[in-house]
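Subject: Structure handover

Hi,

Here is the structure I promised to pass on. Have a look at it first, and then read my notes below.

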Amino acid sequence: MSLIAPVELTPSLHDDSRKQLGAFLRSRRESLDPQRLGMPRSGRRRTPGLRREEVAMLADVGVTWYTWLEQGREVNPSAAVMQAVANALQCSPLETRHLFVLAGLPPQESLQIPQCEGISAGTRRMLDTLMPQPASIQKPNFDIVAWNDSFCRLMGVDFATLPEEDRNCIYLYLTHEAWQSRLANPEVLPTFVSYFRAAMAEHRGDPAWEDKLARFFAASSEFESLWHQRYEVRGVENQLKTFHHPVLGVFNLQQMYWYSAPRNGSRLLVYLPVDEAGENALQWLDSQ
């Protein structure tokens, strides 16, 4: 495998990356509890979280330098210094990678990952074999490229009748009433925003990804507001999902992912029952 070549940013894109970097640093700093990190009590805090000078102290960098970094100025941090800042801000591996990308630094796992551009007949047979478990294959940008019948019935969507550009988990949540009504977990929209922000970090300037984001903005002013107000990043992970079906009512399924590559590849999503209610729901869906 070949290493990814550094992307040469245009001035406007580079400026936007620095702005995004500063906003993310500020968001992380303000989310931390000073007492939990052992910071001494020193007067009334006007804003939540750590002060800039406290982050600078924890990262062993100058206060002015860190302030400029958070303000989006041209300070060109090294990988070692950016790692120290990430550690000071208690960043997860995903958040650290996000910082590196926005700072124009090569992430640690900088191998080019092959993308799944087509779905073979064997892959489609695999999805059918997984019945009655709902299953689909999604790209990193949340496009749905293949599915089985159970997945259609679970989400209340006949994907075969949709234009290809509409087959996207986030877009369907923003625009499709049935899809949106099936997802009963709280904070669905903020979670989608954090997922897409994390996934898009390595595709800044890519017209296809920029167009996708613009389409989300056009579909939902709430999505656009959250994008500009909240700077959280989350990786797609296995979790218990709650569904609301107009006939079956509320039931839980375990969401399981399998990736076609170690990172940033297309992923197989399968929903598995965790109790009798889930078993009964999948059997009913399979019978329809």
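There are 11 salt bridges in this structure, a salt bridge being a side-chain nitrogen of Lys or Arg within 4 Å of a carboxyl oxygen of Asp or Glu. Before I go through some of them: this is a predicted model, so local features need pLDDT of at least 70 and side-chain atom pairs count only at pLDDT 80 or more, while totals for chains, interfaces and linings use all residues. Residues are numbered from 1 along each chain as its sequence is written, and side-chain values use heavy atoms, with hydrogens and water left out.

One of the salt bridges joins arginine 97 and glutamate 202, at 2.8 Å from N to O. That pair ties together distant parts of the chain: arginine 97 is in helix H5 (residues 93-102), and glutamate 202 is in the loop between helix H10 (188-200) and helix H11 (207-219), 105 residues apart. Helices here are DSSP runs of H or I with at least four residues, strands are runs of E with at least two, and both are numbered from the N terminus. Arginine 97 is buried at 11% relative accessible area, whereas glutamate 202 is partly exposed at 30%. (Buried means under 20% relative accessible area, exposed over 50%, and partly exposed in between, with a 1.4 Å probe and protein chains only.)

Another one pairs arginine 215 with aspartate 166, at 2.6 Å from N to O. Here too distant parts of the chain are linked, with arginine 215 in helix H11, aspartate 166 in the loop between H7 and H8, and their positions 49 residues apart. In this pair the arginine, 215, is partly exposed at 28%, and aspartate 166 is buried at 15%.

Then there is arginine 230 with glutamate 232, whose closest N and O atoms are 3.3 Å apart. Salt bridges with shared partners also join Arg29, Arg52 and Glu70 into one network. Back in the 230/232 pair, arginine 230 is partly exposed at 29%, and so is glutamate 232, at 37%.

Now for a residue without such a partner. Arginine 167 sits in the loop between helix H7 (149-155) and H8. What does it have in place of a salt bridge? Arginine 167 is buried, and the nearest side chain of opposite charge, glutamate 164, is 5.3 Å away; Lys and Arg count as positive and Asp and Glu as negative, with His and the chain ends not counted. A polar atom of the arginine 167 side chain does lie 3.0 Å from the backbone oxygen of phenylalanine 159. Beyond its neighbours within four places in sequence, arginine 167 has contacts (heavy atoms within 4.5 Å) with residues including Phe142, Asp143, Trp147 and Leu162.

As for the whole chain, it has 13 helices and 5 strands, and 45% of its 288 residues count as buried. Of the contacts with a separation of 6 or more, 55% are between residues 24 or more positions apart.

Finally, confidence. The average pLDDT (the predictor's confidence in each residue, from 0 to 100) is 85, and 85% of the residues score at least 70. Helix H8 (residues 169-175) has the highest mean, 97, and helix H1 (residues 11-31) the lowest, 80. Please be aware of two stretches where pLDDT stays under 50: residues 1-12, with 12 contacts beyond four places in sequence, and residues 110-117, with 21 such contacts.

Cheers

How values were computed: Polar contact = N/O pair within 3.5 Å; in protein donor to acceptor, adjacent residues only side chain to side chain.
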